[in-house]
Amino acid sequence: MKIKVCGITREADLQALVAAGADYAGFIFYEKSPRFVGGKLAADVVKSVGAGIQKVGVFVNAESNTVQQAIKNYGLDAVQLHGDEGVTFCQNIRLQVPVIKAFRVGDGSTFLHDAAPFLPVVDYFLFDTAHKGAYGGTGEQFNWEVLQQFTLDKPFFLSGGIGEADVKTLAKFRHPQLFAVDVNSKFETAPGEKDMVRVAKFIQAIKTQNI
Ligand SMILES: O=C(O)c1ccccc1N[C@@H]1O[C@H](COP(=O)(O)O)[C@@H](O)[C@H]1O
């Protein structure tokens, strides 16, 4: 299983993430987030990161131009759209880079209806916990069993409040489309500041257990 570590705002964390063997590094381009990368991590630093890790820009209802500019300036390999972006928006961004579209999952099956129209226009889905008044980064987890209703042919990132305590459950969780696990706030000492020792241990646990 691939691993994405999101909300990176410090150069040292980014270098440690590469060394730890993460597959994806996420950078939040949503100004209202406490993990907003702007003004914290220079575009050139992100751009110069080696090919071993995929750089993902996370956006919430941003203008197309803003996303396109960030792709160019930061050398983004993929874009995660975590707001209420529509099908056409995703289609246009996908002309440039692969698109990960986030959907908010609650107790019911609404996410299935939300996701279906995006099937032909994105590369991956990402399932995060629904939370009134927040788009993401809440540290809250949803009941993964609802994903057994998901039978569409699209790989997904499992997200929302995942931490070390979930390694055993992850090892048991089975879904044919589970592609990656996405972690963020559970590994922070402060918003945007990761405890890279804990992150590295988590990555090792996932990779060595062949999850
Ligand atoms: O992290 C944020 O601040 C954030 C803000 C707005 C949209 C998405 C955000 N982060 C994404 O949220 C998920 C889950 O994070 P957590 O593990 O629950 O903290 C993750 O995909 C981040 O990319």
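This passage describes a predicted model of one chain with a ligand, moving from the whole fold to single residues.

A good place to start is the confidence attached to the prediction. The chain has a mean pLDDT of 96, and 100% of its residues reach 70 or more. For the model, the scores are ipTM 0.98 and pTM 0.97.

The overall build comes next. Along the chain there are 7 helices and 10 strands. Measured against a simple rule would be one way to put it, but the computed comparison is plain enough: a compact globule of 211 residues would have a radius of gyration near 17 Å, and the 16 Å found for the chain agrees with that. Taken along the principal axes, the C-alpha atoms fill a box of roughly 40 × 40 × 30 Å. Of the 211 residues, 39% are buried. Among contacts in the chain with a separation of 6 or more, 58% are made by residues 24 or more positions apart.Helix H1, which covers residues 11-20, shows how a helix can present two different sides. Which residues of helix H1 are buried? They are Asp13, Leu14 and Leu17. Seen down the axis of H1, these buried residues fall within an arc of 100°, so they line one face of the helix. Ala12 and Ala19, in contrast, are exposed on the other side of H1. The partners of the buried residues come from several parts of the chain: they pack against strand E1 (2-5), strand E2 (24-28), strand E10 (193-194) and helix H7 (196-208). Just after H1 comes Gly21, with a positive phi of about 90°.

Helix H3 (64-74) can be read in a similar way. Its buried residues are Val67, Ala70 and Tyr74. Around the axis they cover an arc of only 65°, which puts them on the same side of H3. Asn65 and Lys72 are exposed on the other side of the helix. What do the buried residues of H3 pack against? Their partners are E2, helix H2 (43-47), E3, strand E4 (78-81) and helix H4 (87-93). Strand E2 therefore deserves a second look, as the buried residues of H1 pack against it and so do those of H3. Just after H3, Gly75 takes a positive phi of about 60°.

The loop that leads into H3 holds a residue worth a pause. Asn61 lies between strand E3 (54-59) and helix H3. Although Asn61 is not a glycine, it has a positive phi of about 50°. Is Asn61 buried or exposed? With 12 other C-beta atoms within 10 Å, Asn61 is exposed.

The ligand is surrounded by 25 residues, of which Ser33, Gly136, Gly137, Asn184 and Ser185 come nearest. By class, this shell has 8 nonpolar, 13 polar and 4 charged residues. Strands E2 and E8 (178-183) each supply at least two residues of the shell.

Ser185, one of the residues nearest the ligand, sits in the loop between E8 and strand E9 (188-190). A loop position can still be a buried one: Ser185 has 21 other C-beta atoms within 10 Å and counts as buried. Leaving out residues up to four places away in sequence, Ser185 touches Gly137 and Gly139. Gly137 is also among the residues that come nearest the ligand. Ser185 and Arg35 are 150 residues apart in sequence, yet their C-alpha atoms are 9.4 Å apart in space.

Tyr124 offers another example of residues brought together from separate parts of the sequence. Tyr124 belongs to strand E6, residues 124-129. With 19 C-beta neighbours inside 10 Å, Tyr124 counts as partly exposed. Which residues is Tyr124 in contact with, leaving aside its neighbours within four places in sequence? The contacts are Ile100, Lys154, Pro155, Phe156, Phe157 and Phe179. Between Tyr124 and Ala180, which are 56 residues apart along the chain, the C-alpha atoms are separated by 9.8 Å.

Gln204 closes the tour. Gln204 has its place in helix H7, a helix against which the buried residues of H1 pack. Having 12 C-beta neighbours inside 10 Å, Gln204 counts as exposed. Gln204 and Gly39 are 165 residues apart along the chain, and their C-alpha atoms are separated by 31 Å.

Technical notes. Residues are numbered from 1 along each chain as its sequence is written. This is a predicted model: local features need pLDDT of at least 70, side-chain atom pairs count only at pLDDT 80 or more; totals for chains, interfaces and linings use all residues. A residue is buried if 20 or more other C-beta atoms lie within 10 Å of its own, exposed if 12 or fewer, and partly exposed in between; C-beta atoms are placed from the backbone. Helices (H or I, at least four residues) and strands (E, at least two) are DSSP runs, numbered from the N terminus. The arc is that of the directions from the helix axis to the C-beta atoms. Two residues are in contact if their C-beta atoms, placed from the backbone, lie within 7 Å. A residue is near a molecule or strand if its C-beta atom, placed from the backbone, lies within 6 Å of it. Ala, Val, Leu, Ile, Met, Phe, Trp, Tyr, Cys and Pro count as nonpolar, Asp, Glu, Lys and Arg as charged, and the others, Gly among them, as polar. pLDDT is the predictor's confidence in each residue, from 0 to 100. The radius of gyration is taken over C-alpha atoms; the globule rule is 2.2 Å times the number of residues to the power 0.38.
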